[in-house]
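Thank you all for coming. I would like to walk you through one model this morning, beginning with a loop and working back towards the overall picture.

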Amino acid sequence: METTGLVTKTTISGDNITIAPQGRLDTGTKSEFEKAIEPILLAGETNVTVDLSDLEYISSSGLRLLLILQKNAMQKKGTLNICNIKKGIMEVFNMTGFTAILHIQQ
């Protein structure tokens, strides 16, 4: 199976950081996403939005990274918001119970 790369854009607006992965978030690309979120985790950012509008696929590896972001935000008394989820990705969130764990904005 060919794995396409993952592009992650990060924008800062006030005290909110938005991170937007584009492509596939799976075992083959998780290290790219980890590198993108590492400064957020190290800086202790508390208000993080993950925009999934350009995410085509997410595996359990990608879900685990979202849980890491969630845990970090909760420890800092902040928020993690997930937004712009495509239908196929939302089905994965529903099947895995992530809709009950993460704050999802529709």
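Let me begin with Asn-84, which sits in the loop between β5 and α3, the helix of residues 87–96. Please keep in mind throughout that what you see is a predicted model. The phi angle of Asn-84 is near 55°, which is a positive value in a residue other than glycine. As for its surroundings, Asn-84 has a relative accessible area of 42%, and because that value falls between the 20% limit for buried and the 50% limit for exposed, Asn-84 is counted as partly exposed.

A second residue of this kind is Lys-77, which is not a glycine and yet has a positive phi of about 60°. Lys-77 is found in the loop between α2 and β5, and with a relative accessibility of 79% it counts as exposed.

Between these two loops we come to strand β5, residues 79–83, which contains Asn-81. Is Asn-81 buried or exposed? Its relative accessible area is 13%, so Asn-81 is buried, the cut-off being under 20%. If we leave aside residues up to four places away in sequence, Asn-81 touches Val-48, Thr-49 and Val-50, and also His-103 and Gln-105.

Let me now turn to helix α1. This helix has 14 residues, 30–43, and at 1.5 Å a residue it should span 20 Å; the C-alpha atoms at its ends are in fact 20 Å apart in the model, which agrees with that expectation. There is nevertheless a kink of about 35° at Ile-37, shortly before the proline Pro-39. Just after α1, Gly-44 takes a positive phi of about 70°.

Which residues of α1 are buried? They are Phe-33, Ile-37 and Ile-40, and what covers them includes the strands β1 (6–13), β2 (16–25) and β3 (47–51), together with the helix α2 (60–75). Ile-37, the residue at the kink, has a relative accessibility of 2% and so counts as buried. Setting aside residues up to four places away in sequence, the contacts of Ile-37 are with Ile-19, Leu-65 and Leu-69. Tyr-57, by contrast, lies 20 residues from Ile-37 in sequence, and their C-alpha atoms are 18 Å apart in space.

I should also mention the aromatic residues, since the structure holds one aromatic pair. The rings of Phe-93 and Phe-98 have their centres 6.1 Å apart and their planes at 65°, and because that angle is over 60 degrees the pair is classed as edge-to-face. Both Phe-93 and Phe-98 are buried.

Finally, let us step back to the chain as a whole. The protein chain has four helices and six strands, and from the N terminus on, these elements run β-β-α-β-β-α-β-α-α-β. Its radius of gyration is 13 Å, close to the 13 Å that the globule rule gives for 106 residues, so the chain is as compact as a globular protein of that length. The C-alpha trace spans about 40 × 25 × 20 Å along its principal axes, and 42% of the 106 residues count as buried. Among contacts between residues at least 6 apart in sequence, 63% join residues at least 24 apart. The chain exposes about 5900 Å², of which carbon and sulfur atoms supply 52%.

Methods. Residues numbered from 1 in each chain as written. Predicted model: local features only at pLDDT ≥ 70, side-chain atom pairs only at ≥ 80, totals over all residues. Heavy atoms only, no water. Expected span 1.5 Å × (residues − 1). Bend = angle between axes of the 7 residues up to and from the residue. Buried < 20%, exposed > 50% of the residue type's maximum accessible area, 1.4 Å probe, protein only. Contact = heavy atoms within 4.5 Å. Rg over C-alpha atoms; globule rule 2.2 N^0.38 Å. Areas by Shrake-Rupley, 256 points an atom, 1.4 Å probe, with all protein chains shown as cover. Phe/Tyr/Trp six-rings, centres within 6.5 Å; stacked < 30°, edge-to-face > 60°.
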